[in-house]
Amino acid sequence: MASFHANKINPDRFSFGQWKFFLFLVSLSVFMILPIIFIFSQALKPVDELFLYPPKLFVQHPTWSNFATLFSVGDVSAVPKTKYLFNSILVTGSVVFLSIVICSMTGFALSKKEFKMKKVVFEVNIIALMFVPAAVTIPRYLVIEKLGLTDNFLGHILPMLSLPVGVFLVKQFVDQIPNALIEAAQLDGANDYYVFRKLVIPMIMPALATVAILSFQLAWNNAETSSLFMSKETLKTFAFYMSTLTTTTAMENNIAGQGMAAAAALLMFIPNLAIFIFMQSKVMDTMAHSGLK
């Protein structure tokens with residue numbers, strides 16, 4: 001065990017005795033990467049390969065025709081593709097930033113502050129983890145309508161700021177910070193804001209990175225708010241635009257629409273893959289330590 005870090009999940013060096021673990025992990029990795037290979041392969045398949053039976057994992061004659069068709073069909077839209085993309089970037093950036101702020105502050109308060117009904121608030125957050133999005137679609141719509149946020153960018157942002165799993169992860173991470181450390185800072189004259197910004201935030205960065213990934217995936221892939229709350233085409237997002245291309249603009253050629261669907265799926269998937277690769281080490285640290293005291 002001397003070859004392992006005290007506070008990391010990766011070993012310092014390779015030991016021959018670990019070969020069985022590497023064999024298992026490599027085999028598992030190959031199995032897990034198959035869906036990623038499939039989505040790239042599907043996007044590059046010509047139409048005749050998309051309908052082969054039995055289907056083949058790897059593309060035999062790669063082509064960019066699906067992407068060419070996707071963008072050529074999009075050119076006939078009254079709203080430029082760049083407008084949908086700008087809306088998605090604006091909404092996703094706002095959701096990620098606000099989710100990090102809200103989850104970090106809420107987790108800190110639930111972990112280190114004392115107030116009435118503290119346990120009740122945390123239990124409500126735990127209960128909220130059990131609700132799937134479909135179960136709250138109607139109440140969410142009623143709330144947004146009563147607030148007058150239909151055809152408003154806030155109608156995109158507010159419904160996605162509730163991230164119970166993010167609050168839970170941050171709280172579990174903050175629980176590991178010794179109370180004595182915070183008390184020492186307060187004795188030196190530090191207020192709550194200073195303690196939170198200078199002491200807590202640097203120590204919970206892995207958890208915040210996980211929150212960023214979860215909120216990014218939630219906002220970037222979301223087409224529900226565009227279809228439920230937005231009637232103006234100029235307020236809809238890139239995910240909604242991509243989802244409607246294959247259903248409303250494939251016209252009479254449904255077969256060609258499948259090629260566009262594969263290309264659109266890849267374009268929506270790449271940002272999710274990139275942000276996960278960039279922050280994967282932080283996510284692994286969060287998963288390893290969030291439940292430990």
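Here are some questions and answers on aromatic pairs and a charge over a ring in this structure.

User: What kind of model is this, and how are residues numbered?
Analyst: This is a predicted model, where local features need pLDDT of at least 70, side-chain atom pairs count only at pLDDT 80 or more, and totals for chains, interfaces and linings use all residues. Side-chain values use heavy atoms, with hydrogens and water left out, and residues are numbered from 1 along each chain as its sequence is written.

User: Are the rings of Phe-122 and Phe-168 stacked or edge-to-face?
Analyst: Rings of Phe, Tyr and Trp (its six-membered ring) pair if their centres lie within 6.5 Å; planes under 30 degrees apart count as stacked, over 60 as edge-to-face and the rest as tilted. Here the centres are 6.3 Å apart and the planes sit at 15°, so the Phe-122 and Phe-168 pair is stacked.

User: Is Phe-122 buried or exposed?
Analyst: Buried means under 20% relative accessible area, exposed over 50%, partly exposed in between (1.4 Å probe, protein chains only). Phe-168 comes in at 28%, so that one is partly exposed. Phe-122 has 16% relative accessibility, so it counts as buried.

User: Which residue lies over the face of Phe-122?
Analyst: A charge sits over a ring if NZ of Lys or CZ of Arg is within 6 Å of the ring centre and within 35 degrees of the ring normal. At 4.7 Å from the ring centre of Phe-122, the residue is Lys-171.

User: Which residues form one aromatic cluster with Trp-220?
Analyst: Trp-220 makes a tilted pair with Phe-238, 6.4 Å centre to centre and 40° between the planes. Both Trp-220 and Phe-238 are buried. The cluster joins Trp-220 with Tyr-84, Phe-216, Phe-238 and Tyr-241.
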